[in-house]
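Below is a short report on a two-chain model. It starts with one helix and the sheet beside it, then moves out to the chains and their domains.

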Amino acid sequence: MKGLISAAAMFAVVLAPLSAQVANGSTRDTLVVAPAWLAQHLHDPNLVVLQIGSKDAYDRGHIPGARYADWMELHTMSDKAEDLTLEMPPAAAIHDALESFGVSDNSRVVLYASDGQWTQATRVLLTFDYAGLSNVSVLDGGLKGWTAAGQPLSKDTPVPSKGHLAPLKTRPIVVDADFVASHEHAPRFAIVDARITAFYDGTRAGGKPPKAGHIPGALSAPFDAFTTDDGRLKPASEIAAIFANAGVKPGDTVVGYCHIGQQATAMLFAARTLGHNVLLYDGSFEDWSRRDLPVENPKEKK
Amino acid sequence: MIRALVAAALAGCFAAPSLSVAQVANGSTRDRLLVTPAWLVEHIDDSDLVVLQVGRKETYDNGHIPGARLVNFDAGALSAGHERADPLTLEMLPADALRQQLEALGISDRSRVVVVAADNYWSPSTRIVLTLDYAGLANVTWLDGGLKGWTDAGRPLSKDMPVVKAGSLSPLKLRPVIVDADFVRAHEHAPGFAIVDARARTFYDGIPMTMRGDGPPQKLGHIPGAVSAPFDLFAMGMGQGTQLKPADQLEAMFTAAGVKPGDTIIGYCHVGQQATAMLFAARTLGHDVLLYDGSFQDWQKRDLPVENPSAKKNR
């Protein structure tokens, strides 16, 4: 019972890692491919091209050889009051869905969005990252960028073939309210609200039940600030400026949230292209307000 | 004599003999721990005054209380652990390193320190107050209303970087305000002690977390015997200009939680930051306070027993 309370005892305490470290920051080159690159590699044997968006849009014409990836199969969706709207399903379900899309362990995957569904594409990309599959990129500009580059579309549906994936080794990139509450003001972490400014600053109330304001200590970087009007990722210098203005420092791990965990993935994708490691608070403000956790409301300060 | 023996015997029932050593006398009065903007306006030019601003560097660069020094909490100032593989671990610095950093901020043995929260850095600012208490400094206060209190009092901010003359401190006599998991276990239900969970109620109640795919199972609930007093209830204005609530309200909240007058409060939260806000409020009522710095993350890692109110309900 020596020195129960002595200072020395304190230093002997080695704490558990409070957050598993993920190194999922990357470079723009690995995460984004141009239409010209895709056109050149379209016939690579290990390439899997997946179109995200509505099935109708896919049927109207897609990149030759691309398969339709039903975004819904990679989520638990619920409209029941007691459930969160959109959550990551168990690993086994993701495994099976990805195999059904034709994804194997050695696949090189390129995702693209139709119908302007950029945030669906970035959510699917994050799901791949969560699933431990890293050889995945997004087509810059999506379907529109492809046709704008003068590339052809096809209405032929490729012969379905199932992929073969080893059991997934998921990466700890999805965090919960406990983690977020533990990281308010934590050095080298930035909690970033990806909702539009009106929700961040308390002009409009989000969540179930609605609550005006944002998670304490969170910074604001709206998800739609990172793409151009034609759906392409803005230049790196502009993205870096947006994060810098928001207060995110180089090297920070970015913890993203939004309403339900989709818009945030677009912001997190932009952060990854700058090399930031990123984490998603999947429950997002919906979960935060439901737990009646403290919020900061800039409007109230006035 | 008899009373002393009885007390010793009682203490022996619950924990090691060192229980009685656990007493720190850091309870105080509100007047001694809190200063108002008006007070600071009057004393800003005192030669022994050191104003420490806790907040974002950008905010500090854009204008601070004249002469104030930045405690760059984001960069890990006055705390340890960020350099480890685990960047969140919020721990106290070893005495020598702490003394060096305090001297670099211009703090000497005779200094009167005022801690000022900027931005929304309320719990970081109370963490710094507790750190200075741990360092053994006697004359440490907190500015009620923070940086906004100063500007609301009509006082100007300055962009001038103060020329800081290094202070001179005697070797620190650390005060035993930090306790570990063993200490907390030994004091579950101990008379004269209250273990207080400063996390938001949802964590205390053990409401299950969002699905985390197949992540490691989490412990839900709280330390056995702990009572709940969420940190955010003790202040007005969770963002800019945080003020401590009036004493009668603070007292009512501790009473409602089950804390008795005179109890030594052992505070914990997620990692040892939010708890310092609750402990600061408790100190202004005269409670002696101790921080379980490892907090629930450490408790969980050690696989120690928890009480889960929500599991009880569902049984």
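## Helix 6 on the sheet of chain A

Helix 6 of chain A lies across three strands of chain A: strand 2, strand 6 (108–113) and strand 7 (136–139). The helix runs at about 155 degrees to strand 6 of chain A. The model is predicted.

Those strands belong to an open sheet of five strands in chain A. The order is 1-7-6-2-3, and the pairing is parallel. Strand 1 (32–33) and strand 3 (67–68) of chain A are the edge strands. Each of these two pairs on one side only.

## Pairing along the sheet

Start at the strand 1 edge. Strand 1 of chain A pairs with strand 7 of chain A in the parallel sense, over two bridges. Here A:Val32 has A:Val138 of strand 7 as its bridge partner.

Next come strand 7 and strand 6 of chain A. They are joined in the parallel sense over three bridges. A:Val110 stands opposite A:Ser137 in strand 7 of chain A.

At the other edge, strand 2 (residues 47–52) of chain A runs parallel to strand 3 of chain A, with two bridges between them. A:Gln51 has A:Tyr68, in strand 3 of chain A, as its bridge partner.

## Strand 7, covered on both faces

In a regular strand the side chains alternate between the two faces of the sheet. Strand 7 of chain A is covered on both faces. A:Val136 and A:Val138 lie on one side, A:Ser137 and A:Leu139 on the other, and all four are buried. Two of these residues have already appeared in the pairing. A:Val138 is the bridge partner of A:Val32, and A:Ser137 is opposite A:Val110.

## A buried glutamate

Is A:Glu87 buried or exposed? A:Glu87 has 20 other C-beta atoms within 10 Å, and the cut-off for buried is 20 or more, so the residue counts as buried. A:Glu87 sits in strand 5 (residues 86–87) of chain A. Its C-alpha atom is 32 Å from that of A:Ser237, which is 150 residues away along the chain.

## Chain A as a whole

Chain A has 13 helices and 14 strands. Its radius of gyration is 21 Å, close to the 19 Å that the globule rule gives for 302 residues, so chain A is as compact as a globular protein of that length. Its C-alpha atoms fill a box of roughly 70 × 50 × 40 Å along the principal axes.

Of the 302 residues in chain A, 49% are buried. Among contacts in chain A with a separation of 6 or more, 78% are between residues 24 or more positions apart.

## The two domains of chain A

Chain A is divided into domain 1 (28–148) and domain 2 (174–301). Their C-alpha centres are 23 Å apart. The contact takes 21 residues from domain 1 of chain A and 23 residues from domain 2 of chain A.

Which elements of domain 1 of chain A each supply at least two residues to the side that touches domain 2 of chain A? They are helix 2 (28–31), strand 5, helix 6 (118–130) and helix 7 (142–148) of chain A. Helix 6 of chain A gives the largest share, seven residues. This side of domain 1 of chain A divides into nine nonpolar, seven polar and five charged residues. Helix 6 of chain A thus has two roles in this account: it lies across strands 2, 6 and 7 of chain A, and it contributes to the side of domain 1 that touches domain 2.

## Chain B

Chain B comes to 13 helices and twelve strands. Of its 315 residues, 50% are buried. Among contacts in chain B between residues at least 6 apart in sequence, 78% join residues at least 24 apart.

Chain B is divided into domain 1 (30–152) and domain 2 (176–314). The C-alpha centres of these domains of chain B lie 23 Å apart. In the contact, 25 residues of domain 1 of chain B meet 24 residues of domain 2 of chain B. On the domain 1 side, helix 2 (30–33), helix 6 (122–134) and helix 7 (146–152) of chain B give two or more residues. Helix 6 of chain B provides the largest share, nine residues. The residues on this side of domain 1 of chain B are twelve nonpolar, six polar and seven charged.

Key: Residues numbered from 1 in each chain as written. Chains lettered and ligands numbered in written order. Predicted model: local features only at pLDDT ≥ 70, side-chain atom pairs only at ≥ 80, totals over all residues. Domains from an automatic or database assignment. Contact = placed C-beta atoms within 7 Å. Nonpolar A, V, L, I, M, F, W, Y, C, P; charged D, E, K, R; others polar. Rg over C-alpha atoms; globule rule 2.2 N^0.38 Å. Buried ≥ 20, exposed ≤ 12 C-beta atoms within 10 Å, placed from the backbone. Pairing = 2+ DSSP bridges. Axes fitted to C-alpha atoms, helices over the stretch in contact; angles between N-to-C directions.
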